[in-house]
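Reader: I want to go through this structure and ask how each label is earned. Please show me what is on the table.

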Amino acid sequence: MILVSSCLAGLEVRYNGTHCLDKKIRQLLEENQAISVCPELLGGFSTPREPAEIVGGNGDDVLNGKAKVVGKSGRDVTELYIQGAYATLRKAQEVEATVVILKEFSPSCGSSMIYNGEFKGKKIVGNGVTTALLKRNGIQVVAEDRITEFLQEKI
């Protein structure tokens, strides 16, 4: 089983109420090979919500208590991101997911690049909170820009 970001499945759950539909993801869902999940919603957020970024590091640093996730207004939302990460981990373990395909750049789901915490659109190398937790638990995380490559490897 594959776990996928709900926004990539076409659900309007992003911070601004939009989605990032990927037709390959939708096909995996229709073929019952994947289940969608949104770490932010599992953590207690609603849609829409204020954009947030990791300040002071990356997802590993957040899990280690060395960085925070803050909304654009400055509100500390770290605990909700951590709750969402653990809920996603439980879901992945429950469905015995072998891989998770997540939305790049998100403070939750980014798997190679995240925003730098300045809310200026600048990206840095790093994992989001959920990605960091999943990787710590031996679960493979794939960014949406590698879906085609991943699916070809699977065949």
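Reader: Which residues does Gln140 touch, not counting residues up to four places away in sequence?

Author: First, a caution: this is a predicted model. Gln140 touches Thr98, Val99, Val100 and Phe150. Contact here means heavy atoms within 4.5 Å. Gln140 sits in strand β8. Its C-alpha atom is 4.8 Å from that of Val99, although their positions lie 41 residues apart along the chain.

Reader: Why is Gln140 called partly exposed?

Author: Its relative accessibility is 39%. Buried means under 20%, and exposed means over 50%. The value falls in between, so Gln140 counts as partly exposed.

Reader: What makes Asp60 and Arg136 a salt bridge?

Author: The N to O distance between their side chains is 3.3 Å. The cut-off is 4 Å, from a side-chain nitrogen of Lys or Arg to a carboxyl oxygen of Asp or Glu. The pair is within that limit, so it is a salt bridge.

Reader: Why does this pair tie together separate parts of the chain?

Author: Asp60 lies in helix α3 (residues 59–63), while Arg136 lies in helix α5 (residues 129–136), so the pair ties together parts that are 76 residues apart in sequence. Asp60 is partly exposed at 25% relative accessibility. Arg136 is partly exposed too, at 42%.

Reader: How many salt bridges does the rule give?

Author: The count is four. Among them is the pair of Glu94 and Lys91, with N to O at 3.6 Å. Again the distance is within 4 Å, so the label holds.

Reader: What separates Glu94 and Lys91 along the helix?

Author: About one helical turn, because they are three residues apart in helix α4 (residues 78–94). An α-helix has 3.6 residues a turn, so residues three or four places apart point the same way.

Reader: Are Glu94 and Lys91 buried, partly exposed or exposed?

Author: They get separate labels. Glu94 has a relative accessibility of 59%, which is over 50%, so Glu94 is exposed. Lys91 has 27%, between the two limits, so Lys91 is partly exposed.

Reader: How do you know that Glu144 forms a salt bridge with Lys103?

Author: Their closest N and O atoms are 2.7 Å apart. That is within the 4 Å limit, so the pair qualifies. The bridge links distant parts of the chain, 41 residues apart. Glu144 is in the loop between β8 (140–143) and α6 (147–154), and Lys103 is in the loop between β5 (99–102) and β6 (113–115). Both Glu144 and Lys103 are buried.

Reader: Why are α4 and α5 called oblique to each other?

Author: They pack at an angle of about 40 degrees, with their axes 8 Å apart. Roughly parallel needs an angle under 35 degrees, and roughly perpendicular starts at 65. An angle of about 40 degrees fits neither class, so the helices are oblique. The crossing of α4 past α5 is right-handed.

Reader: Which residues meet where α4 packs on α5?

Author: On α4 they are Tyr81, Ile82, Gly84, Ala85, Tyr86, Thr88, Leu89 and Ala92. On α5 they are Val129, Thr130, Leu133 and Leu134. By class, this contact has nine nonpolar, three polar and no charged residues.

Reader: What makes α5 mostly covered?

Author: Six of its eight residues are buried. These are Val129, Thr130, Thr131, Ala132, Leu133 and Leu134. Just after α5, Gly138 takes a positive phi of about 75 degrees.

Reader: Which residue other than glycine has a positive phi?

Author: Glu96 is one of them, with phi at about 55 degrees. Glu96 is in the loop between α4 and β5. Its relative accessible area is 63%, over the 50% limit, so Glu96 is exposed. Phe119 also has a positive phi, near 60 degrees. Phe119 is in the loop between β6 and β7 (123–125). Its relative accessible area is 22%, which is not under 20%, so Phe119 is partly exposed.

Reader: Where is the cis peptide bond?

Author: It joins Thr47 and Pro48, with omega at about -5 degrees. Pro48 is in the loop between α2 (39–43) and β3 (52–55).

Methods. Residues numbered from 1 in each chain as written. Predicted model: local features only at pLDDT ≥ 70, side-chain atom pairs only at ≥ 80, totals over all residues. Heavy atoms only, no water. Helix = DSSP H or I, 4+ residues; strand = E, 2+ residues; numbered from the N terminus. Buried < 20%, exposed > 50% of the residue type's maximum accessible area, 1.4 Å probe, protein only. Axes fitted to C-alpha atoms, helices over the stretch in contact; angles between N-to-C directions. Left-handed = near helix turned anticlockwise from the far one by under 90°. Nonpolar A, V, L, I, M, F, W, Y, C, P; charged D, E, K, R; others polar.
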